Amino acid sequence: MTRKNRMDLIHYSKIVLAVGALAAIITACGGKNTAVTIDKEKPAETTKVEVQTMKPEEVPTALIDGKYAKVYAHFSDEFKQQLSEADFVSMAPDLLKGITSFERASVMQLNGGDQRSWISVSGKTGLTTVFDEKGAITGLLVKELTSFTETDNRLTKIKYDWPLSGEWFIVWGGTNVLVNYHYEHESQRYAYDIVQSKDGYSYKGDPLKNESYYAFGKPVLAPADGTVVSIVNDIRDNEPVGVMNEKVPAGNEVVIDHGGEYSVLAHLKKGSVKVKVGDKVTSGEEIGLLGNSGNSSEAHLHYQVSDGAELFKSRSININWKEGIAPVQGEIVTAE
């Protein structure tokens, strides 16, 4: 499957790995990925630093001030195995060259992790850190950012209702790649990945079972009036949770034509779709249940509006939400 056809929710534990610990990739200026290779035959150079607790919000200033060894001292043991202090200290100045300050882009605290993202004042560089429950840094990413201002400002002609009822947590959403990994891909640029959480967790009980996730089985609603043009209803939900189906990226889905704008509601529960092709639906009507089908690592709703009915052959459109909301990663949306 090609990269452009990838659709999934990276579960919080997997964000940690993707951003840092196992990948050990820092994105260098110019958009190139610099993979760090550790020579296990040579001992890593280290600097003795008095380790004190570092709060996530202190990392940007520490890096700008050149306190690389202090930041490195807070890396988890697993992260240190992938990236030596010598390599980190030598690479950091080039990655942060010319940056005088960062502005916060998002805070996402979910399932025991704390992910923070910042954008430089110029808007050209992003920084993401991930802390675990013990206060160790398990991931750190510096990345050159690309913006698509023209399409960011071009909203859907229709105003859409939130496709779920109750309180919901935004895992991916917004107009930069730090807060919305979809943003790099035109076909999914303004998509949302949405879970339900309570007390900072999206599940209770056995994390390998779909029924442990608060979102699983919740009603999914039509976000506007329209005609159903496509459904998939026979893809099994992934279990154990974390095993994903890349062969059918969207899993079970419903696509609704609102008159040239198309809602795509994906990763629905197997057998739960209540509508058929040709049905007329009204805003707020239940069209299925939320599931964990397709290239999904836990129960969540992938929702976007496109300019065509075929997801990977169409362009995502920035959603003009009713109530004037513009939710981003880490925020909670409550709908009646």
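Is Glu103 buried or exposed? Select Glu103 in this predicted model. Its relative accessible area is 51%, and the cut-off for exposed is over 50%, so Glu103 counts as exposed.

**Stop 1: around Glu103**

Keep Glu103 selected and colour strand β3, where this residue has its place. Now add Ile119 of β4, which stands opposite Glu103. Next, show Trp118: between Glu103 and Trp118 there are 5.3 Å in space, C-alpha to C-alpha, although the two are 15 residues apart in sequence. With neighbours within four places in sequence set aside, the contacts of Glu103 are Ser117, Trp118, Ile119 and Val121.

**Stop 2: the sheet**

Extend the selection to residues 113-120, which make up β4. This strand runs antiparallel to β3, and eight bridges join the two. Then bring in β5 and β6 to complete an open sheet of four strands, in the order β3-β4-β5-β6 with antiparallel pairing. Look at the edges: β3 (102-110) and β6 (137-144) each have a single partner strand, so one side of each lacks a neighbour in the sheet. From one strand to the next, the twist averages 15°. As a rule, the strands of a sheet pair through backbone hydrogen bonds, parallel or antiparallel.

**Stop 3: the nonpolar cores**

Move to Trp162 and Ile287, the residues with the most contacts inside the largest nonpolar core, a set of 34 residues. Strands that each supply at least two residues of this core are β8 (166-172), β9 (192-195), β12 (252-257), β13 (262-268), β16 (301-306), β17 (316-321) and β18 (332-335). Centre the view on Ile287 and show its contacts beyond four places in sequence; among them are Val220, Leu221, Ala222, Val254, Leu265 and Leu268. Ser272, Lys274 and Val281 are also in contact with Ile287.

For the second core, which is separate and has 22 residues, select Met54, Tyr72, Ile99 and Leu127, which are included in it. In soluble globular proteins, nonpolar side chains tend to be buried together.

**Stop 4: a pocket**

Which residues are the closest to the centre of the second largest pocket? Select Arg154, Asp307, Arg315, Ser316 and Ile317, which hold that position among the 14 residues of the lining. The volume of this pocket is about 280 Å³. Colour β7 (155-160) and β17, the elements that give two or more residues to the lining. With three residues, β17 gives the most. Strand β17 was also on the list for the largest core, to which it supplies at least two residues.

Technical notes. Residues numbered from 1 in each chain as written. Predicted model: local features only at pLDDT ≥ 70, side-chain atom pairs only at ≥ 80, totals over all residues. Heavy atoms only, no water. Pairing = 2+ DSSP bridges. Axes fitted to C-alpha atoms, helices over the stretch in contact; angles between N-to-C directions. Core = buried A, V, L, I, M, F, W, Y, C linked by side-chain atoms within 4.5 Å. Buried < 20%, exposed > 50% of the residue type's maximum accessible area, 1.4 Å probe, protein only. Contact = heavy atoms within 4.5 Å. 1 Å grid on protein atoms, 1.4 Å probe; cavity = no way out; pocket = protein on both sides within 12 Å on 5 of 7 lines; lining within 4 Å. Points joined across faces, edges and corners; volume = space filled by probe spheres on them.
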